[in-house]
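This report describes one protein chain, from its sheet to its helices. Please look through the sequence and the model before reading on.

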Amino acid sequence: MQIDELLARNRAWAGRLAAEDPDAFARLAHGQRPFALYLGCSDSRVPPEAIFDVPPGSLFVHRNVANQADARDLNFLSVLEFGLTALEIGQILLCGHEGCGGLQRALGEPEGRIADYWLHPVRELVRTHADELPAEPNRRLSRLAEINVLAQMHRLAGLPLVRDVRRARPLVVHGLVYDVATGLLRRVAVDDGSGPRPG
Ligand SMILES: [Zn+2]
């Protein structure tokens with residue numbers, strides 16, 4: 001799809017939204033009050049607003065390869081800080097997915113590419129959870145998606161920023177896995193401040 005068609009689609013979309021909700025863009029121009037911070041994978045098949053069927057202004061979003069909550073990632077930390085402090089968001093949607101290319105890569109041998117450095121923590125997860133990972137490739141990848149989401153929930157819970165927020169007010173983290181083959185989400189775990197537990 002080329003730029004002329006994309007711009008035409010944009011005009012049509014903006015017209016539809018304005019027709020459905022005449023005040024929508026005026027409200028959005030005034031500011032944002034998203035109801036959740038979404039942390040997910042960059043995969044094109046997992047578009048956050050689409051899978052929750054919510055309009056612009058709903059989600060404050062950070063995406064990266066294999067949905068990592070990496071304390072070395074200034075981009076992620078900046079989004080988290082703004083979302084939790086300035087926007088005072090009370091829930092985080094941490095979303096992994098089936099068929100994740102990043103996780104698939106972490107199950108194989110490193111090839112010296114940039115992504116291999118990024119995915120090093122996932123390789124560590126594969127090593128430390130080796131006895132929980134089925135041998136069958138699809139089930140192996142699916143289980144790793146759940147383990148990875150849980151691991152990122154633990155990482156989030158340990159961040160000083162998250163601890164500080166939780167001393168002042170409630171913050172819930174929902175760990176989810178999206179199935180690209182069905183369009184459906186399942187909840188893997190929830191953490192209301194007492195640590196991730198099965199959702
Ligand atoms: Zn992915």
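## Starting point: the β4-β5 pair

Gly175 has Ala189 as its bridge partner in β5. The model is a predicted one: local features are given only where pLDDT is at least 70 and side-chain atom pairs only at pLDDT 80 or more, while totals for chains, interfaces and linings use all residues. Residue numbers start from 1 along each chain as its sequence is written. Helices (H or I, at least four residues) and strands (E, at least two) are DSSP runs, numbered from the N terminus. Two strands count as paired if DSSP finds at least two bridges between them.

Strand β4 covers residues 172-179 and strand β5 residues 184-191; 7 bridges link them in the antiparallel sense. Their hairpin has 4 residues between the strands, and Gly183 takes a positive phi near 80° there.

## Overall dimensions

The protein contains 9 helices and 6 strands. Its radius of gyration is 18 Å, which agrees with the value near 16 Å for a compact globule of 199 residues. That radius is taken over C-alpha atoms, and the globule rule is 2.2 Å times the number of residues to the power 0.38. Along the principal axes, the C-alpha atoms fill a box of roughly 55 × 45 × 30 Å.

Of the 199 residues, 29% count as buried. A residue is buried if 20 or more other C-beta atoms lie within 10 Å of its own, exposed if 12 or fewer do, and partly exposed in between, with C-beta atoms placed from the backbone. Two residues are in contact if their C-beta atoms, placed in that way, lie within 7 Å. Among contacts between residues at least 6 apart in sequence, 61% join residues at least 24 apart.

## The sheet

The 6 strands form an open sheet of mixed pairing, in the order β2-β1-β3-β4-β5-β6. Its edge strands are β2 and β6 (197-198), each of which pairs on one side only.

Starting from the β2 edge, β1 and β2 are parallel and share 6 bridges, with Phe60 of β2 as the bridge partner of Leu37. β1 also runs parallel to β3, through 4 bridges, and Leu39 stands opposite Leu94 of β3. Strand β3 (residues 91-97) is mostly covered, with 6 of its 7 residues buried. The pairing of β3 with β4 is parallel too, over 7 bridges; here Ile92 is opposite Val173 in β4.

Towards the β6 edge, β5 and β6 run antiparallel and are joined by 2 bridges. Ala189 stands opposite Pro198 in β6. These two strands make a hairpin with 5 residues between them, and Gly193 in the turn has a positive phi of about 125°.

## Ala36 in β1

Ala36 belongs to strand β1. It is buried, with 20 other C-beta atoms within 10 Å. Leaving aside residues up to four places away in sequence, Ala36 touches Leu59, Ile89, Gln91, Ile92 and Leu93. Ala36 and Gly175 are 139 residues apart along the chain, and their C-alpha atoms are separated by 13 Å.

## Helix α4: one face buried

Helix α4 (residues 74-86) has 13 residues; its end C-alpha atoms are 17 Å apart, in agreement with the 18 Å span expected at 1.5 Å a residue. The expected span of a helix is 1.5 Å times one less than its number of residues. Which residues of α4 are buried? They are Leu80, Gly83 and Leu84. Seen down the axis of α4, these buried residues fall within an arc of 85°, so they line one face of the helix. The arc is that of the directions from the helix axis to the C-beta atoms. An α-helix has 3.6 residues a turn, so residues three or four places apart point the same way.

The buried residues of α4 pack against β1 (36-41), β2 (59-64) and α9 (160-168). The helix lies across β1 and β2 and runs at about 165° to β2; axes are lines fitted to C-alpha atoms, for helices over the stretch in contact, and angles run from 0 to 180 degrees between N-to-C directions. On the face turned away from the buried side, α4 carries the exposed residues Leu74, Asn75, Ser78, Thr85 and Ala86. Just after α4, Glu88 takes a positive phi of about 50°.

## Helix α1: in the open

Helix α1 (residues 3-20) reaches 26 Å from its first C-alpha to its last, close to the 26 Å expected for its 18 residues at 1.5 Å a residue. The number of buried residues among the 18 of α1 is 0, so this helix lies largely in the open.
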